[in-house]
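Please look over the sequence and the model before reading on. The paragraphs below go from the whole chain down to single residues.

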Amino acid sequence: MRTPRAAGKLTRMLTVAVLMAVAGCAGGPSPAAWAASVCQALAPWRLQIGDLTAHTNQQMTAATTPAQAKENLVRLFGGAREASETARRHVERAGVPDVDGGAEVVRRFLASLAAARDAYGRASDAIAALDTGRATSFYDGVEAAVAVLKQDYGRSALDTTNLDSPKLRRAFDEAPECR
């Protein structure tokens, strides 16, 4: 049986432990560390998106059958969807930068990457649904899906030059990982 004194001591110990845990979590990564982490997460994604664009252009001009083009484009856009989600998860793991409005900045980054992921997913699904029986109709459908992708992707863009935090703007400008 616990005495009131022992219970009080236990309560104080738990309170101290909780306060220490909260204090340890209160400060996120510095602006420089956060910007470096984000840029490291986005670099492979940007390369994959650049490769995707080149491969998509090749597919649109290559002498392939509609069925081959469909298979390749669905795979390419599916890969871009996965790459976007991977980048989103890495940015999420970077935490919340220790700046005023840091949580909002993270939310905007995550929303931008989720929107890009979803845009690629919709493009992949749209192309997967196309009938390859008539080449002209198929390629018209691909053009329409790519046009929608470009619009959706453009709306998802996040401009780091417009960050609300001068500390983060400076960190993105100065981080070697962001060049």
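Accessible areas come from the Shrake-Rupley method with a 1.4 Å probe. By that method, the accessible surface of the chain comes to about 10800 Å², and carbon and sulfur atoms hold 56% of that surface. The model is a predicted one, which should be kept in mind throughout.

Begin with the overall layout. The chain has 6 helices and 0 strands, so the pattern along the sequence reads α-α-α-α-α-α, where helices are DSSP runs numbered from the N terminus. Of the 179 residues in the chain, 34% are buried. Among contacts with a separation of 6 or more, 78% are between residues 24 or more positions apart.

How confident is the predictor in this chain? The mean pLDDT of the chain is 82, and 81% of its residues reach 70 or more. The elements of the chain differ in this respect: helix H4 (residues 102-128) has the highest mean pLDDT, 94, while helix H1 (residues 4-26) has the lowest, 37. Over residues 6-26 the pLDDT stays under 50, and for this stretch the model has 1 contact beyond four places in sequence.

Next come the aromatic rings. How many aromatic pairs does a search of the whole structure find? The search finds 7. One of them is formed by Trp 45 and Tyr 153, whose ring centres are 6.5 Å apart; with 35° between the planes, the pair is tilted. This pair links distant parts of the chain, since Trp 45 is in helix H2 (residues 31-61) and Tyr 153 is in helix H5 (residues 135-156), 108 residues apart. Trp 45 counts as buried because its relative accessibility is 10%. Tyr 153, at 26% relative accessibility, counts as partly exposed. Ring pairs also join these two residues with Phe 77 and Tyr 120 into a cluster.

Tyr 153 appears again in the surroundings of Ser 156, which is found in helix H5. The side chain of Ser 156 reaches the backbone oxygen of Tyr 153 at 2.7 Å. Is Ser 156 buried or exposed? Its relative accessible area is 8%, so Ser 156 is buried. Leaving aside residues up to four places away in sequence, Ser 156 touches Ser 112, Ala 115 and Ala 116.

Two residues of helix H3 can be taken together. Asn 72 lies in helix H3, which spans residues 66-93, and His 90 is in helix H3 too. Asn 72 counts as buried because its relative accessibility is 17%, and the cut-off for buried is under 20%. The side chain of Asn 72 makes a polar contact with the side chain of Arg 75, at 2.7 Å. His 90, at 37% relative accessibility, counts as partly exposed. The C-alpha atoms of His 90 and Cys 39 are separated by 10.0 Å, although these residues are 51 residues apart along the chain.

The last stop is helix H6 (residues 166-174), where the buried residues are Leu 168, Ala 171 and Phe 172. Why do they lie on the same side of H6? They cover an arc of only 95° around the axis, which puts them on the same side. The face of H6 turned away from this buried side carries the exposed residues Asp 173 and Glu 174.

Terms used
Residues numbered from 1 in each chain as written. Predicted model: local features only at pLDDT ≥ 70, side-chain atom pairs only at ≥ 80, totals over all residues. Heavy atoms only, no water. Buried < 20%, exposed > 50% of the residue type's maximum accessible area, 1.4 Å probe, protein only. Helix = DSSP H or I, 4+ residues; strand = E, 2+ residues; numbered from the N terminus. Arc of directions from axis to C-beta. Polar contact = N/O pair within 3.5 Å; in protein donor to acceptor, adjacent residues only side chain to side chain. Contact = heavy atoms within 4.5 Å. Phe/Tyr/Trp six-rings, centres within 6.5 Å; stacked < 30°, edge-to-face > 60°. pLDDT = per-residue confidence, 0-100.
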